[in-house]
Structures are given as structure tokens and as C-alpha cells.
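Subject: Structure for your review

Dear colleague,

Please find the structure below, together with its sequence. A summary of what was found in it follows.

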Amino acid sequence: YNHMKVMGDLGQIVPFKWDINDKESIRTAMKYSNVVINLTGRKFDTRNFTMHDVHVEGAKRIAEVAKELRVERFIHVSALGAGINASSAWLRTKAEGEIAVRNIFPNATIIRPAEFFGTQDSFLVSHASMMRYWPVYPLIHPDKRVQPVWVNDVATAIVNSLKTVEAVGQTYEVAGPAVYTIR
């Protein structure tokens, strides 16, 4: 976390250990906050957390504590394409999380970004690594359309949503300027 300390004045950026299953640790982490941005997410289940645990139950706990502490602004980061009838469990649980957050914190702003790219990302780096080390690059879903967005643009969208009262209670989809296929 040392690289983050230079981004804020003394005491503005303080790392906290917290547990998504423990409301008291969430409360401790946000007790002096007037803005909460929930970026918590998983792309797959692990033995400790399912996507439902994180995207739905975790988001619900975070929103409940934010409401309890009278946080002024709550930003919930979901995913582009989130929907109850989506083809993937990831997008379905993201949609369920949005609904849970809205039920608890109706004025939450929901940001739905496309796949991120940036330094040390899991989008471009994974493809580049495979292309570098494998003699053959497998094209799984070669015609799948993606519209990746630079991580700094997502951060700018989040900050801009905090600067305008019109963003309260709204949902915004954030994507890059061009559509690509994996091919």
C-alpha cells in the first residue's frame, strides 16, 4: 500500500483490513467516510467465497453499513451486461447485487464498466502472456465482441459521478471507444 500513500494528504489514505462477512470490520473501515465506493468483486468462485457471497451478500452488507452510518454518497461498481437473465453466473450475481444495493440504498450510483485494461490487468496481460509463451494461441469465442475500457476512464467516471447531484440514484454504463473481437 505504500505506493498509494503519496496520492493523498496525511491520513486520507489509510489501508484497513476488513472482512466482507463481518459487519463490524466494514463499519470500522468506513466509520469516518462520507463517500463509499464498492469495487469488491470476483470473476469465479473460490473455496472461501462464491460470486453470490461477494456480489450479493457482500454488497448488501456494505450498503447496510453505509446506510447505518449515514454515508452521503454510495457508488456501487457492477459490470456491463449485468442482468438477472444473463448467460453467465457472474453477470447474474452482479445484477442481484445491484438490486440488493438499490433496495437498501436507493440513492446509490451504479457504475457498469466493460472489461478493464491497464497496467497489470487481467485482460490484455493474460492474452499477451499466452501469445508470448504458447506456440499456438487458442481462439476461444473468436467472434465475441468486447469494448474494453481503460481503468483510468472508469476512475474518472466514478469521480465525475461524485461531482454531480444528477448522478444520485442513476446507473451508468462505461465502455471504451471501440468494439473488438478476440480474433
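A salt bridge is taken here as a side-chain nitrogen of Lys or Arg within 4 Å of a carboxyl oxygen of Asp or Glu. Please also bear in mind that this is a predicted model.

**A salt bridge between buried residues**

Glu-98 and Arg-112 satisfy that criterion, since their side chains meet with an N to O distance of 2.7 Å. Glu-98 belongs to helix 4 (residues 89-104) and Arg-112 to strand 3 (residues 109-113), so this salt bridge ties together parts that are 14 residues apart in sequence. Both Glu-98 and Arg-112 are buried.

Glu-98 is also one of the residues that His-76 touches. His-76 is part of strand 2 (residues 73-77). Is His-76 buried or exposed? His-76 counts as buried, because its relative accessibility is 3% and the cut-off for burial is under 20%. Leaving out residues up to four places away in sequence, His-76 touches Asn-38, Ala-59, Gly-97, Glu-98, Val-101, Thr-109, Ile-110 and Ile-111.

**The overall fold**

The chain contains 6 helices and 8 strands. Along the sequence they follow the pattern α-α-β-α-β-α-β-β-α-β-β-α-β-β. For a chain of 183 residues, a compact globule would have a radius of gyration near 16 Å; the chain has 18 Å, which agrees. Taken along the principal axes, the C-alpha atoms fill a box of roughly 55 × 40 × 40 Å.

Of the 183 residues in the chain, 31% are buried. The chain exposes about 11,900 Å², and carbon and sulfur atoms supply 54% of that area. How many of the contacts between residues at least 6 apart in sequence join residues at least 24 apart? The share is 72%.

**Other salt bridges**

The search of the whole structure finds 6 salt bridges. One of them joins Glu-64 and Lys-23, whose closest N and O atoms are 2.6 Å apart. This pair links distant parts of the chain, with Glu-64 in helix 3 (residues 51-68) and Lys-23 in helix 2, 41 residues apart. Glu-64 is partly exposed, at a relative accessible area of 26%, and Lys-23 is likewise partly exposed, at 31%.

Helix 2 also holds the pair Glu-24 and Arg-27. Their closest N and O atoms are 2.7 Å apart, and the two residues form a salt bridge. Because they are 3 residues apart in the helix, Glu-24 and Arg-27 are separated by about one helical turn. Glu-24 counts as partly exposed, with 45% relative accessibility. Glu-24 and Arg-27 are further linked with Glu-68 in a network of salt bridges.

**Two buried positions**

Met-30 is located in helix 2 (residues 23-30). With a relative accessible area of 7%, Met-30 is buried. Which residues does Met-30 touch, not counting those up to four places away in sequence? They are Val-36, Ile-62, Val-65, Ala-66, Leu-69 and Val-71. In the case of Ala-66, the residue lies 36 places from Met-30 along the chain, and the two C-alpha atoms are separated by 7.5 Å.

Pro-148 is found in the loop between strand 5 (145-146) and strand 6 (149-150). Pro-148 also counts as buried, at 8% relative accessibility. Apart from its neighbours within four places in sequence, Pro-148 is in contact with Glu-115, Phe-117, Phe-123, Gly-176, Ala-178 and Tyr-180. Pro-148 and Phe-123 are 25 residues apart in sequence, and their C-alpha atoms are 8.5 Å apart in space.

**Aromatic rings and charges**

The search of the whole structure finds 1 aromatic pair. Charged side chains also sit over rings, as the following cases show. Arg-42 lies over the face of Phe-44, at 4.5 Å from the ring centre. The charged end of Lys-43 is placed over the ring of Trp-90, 4.5 Å from its centre.

**Points to view in the structure**

When you open the model, the following places may serve as a starting point:

- the salt bridge between Glu-98 and Arg-112, both of them buried;
- the salt bridge between Glu-64 in helix 3 and Lys-23 in helix 2;
- the network formed by Glu-24, Arg-27 and Glu-68;
- Lys-43 over the ring of Trp-90.

With kind regards

Definitions and conventions. Residues numbered from 1 in each chain as written. Predicted model: local features only at pLDDT ≥ 70, side-chain atom pairs only at ≥ 80, totals over all residues. Heavy atoms only, no water. Phe/Tyr/Trp six-rings, centres within 6.5 Å; stacked < 30°, edge-to-face > 60°. Lys NZ or Arg CZ within 6 Å of the ring centre and 35° of its normal. Helix = DSSP H or I, 4+ residues; strand = E, 2+ residues; numbered from the N terminus. Rg over C-alpha atoms; globule rule 2.2 N^0.38 Å. Buried < 20%, exposed > 50% of the residue type's maximum accessible area, 1.4 Å probe, protein only. Contact = heavy atoms within 4.5 Å. Areas by Shrake-Rupley, 256 points an atom, 1.4 Å probe, with all protein chains shown as cover.
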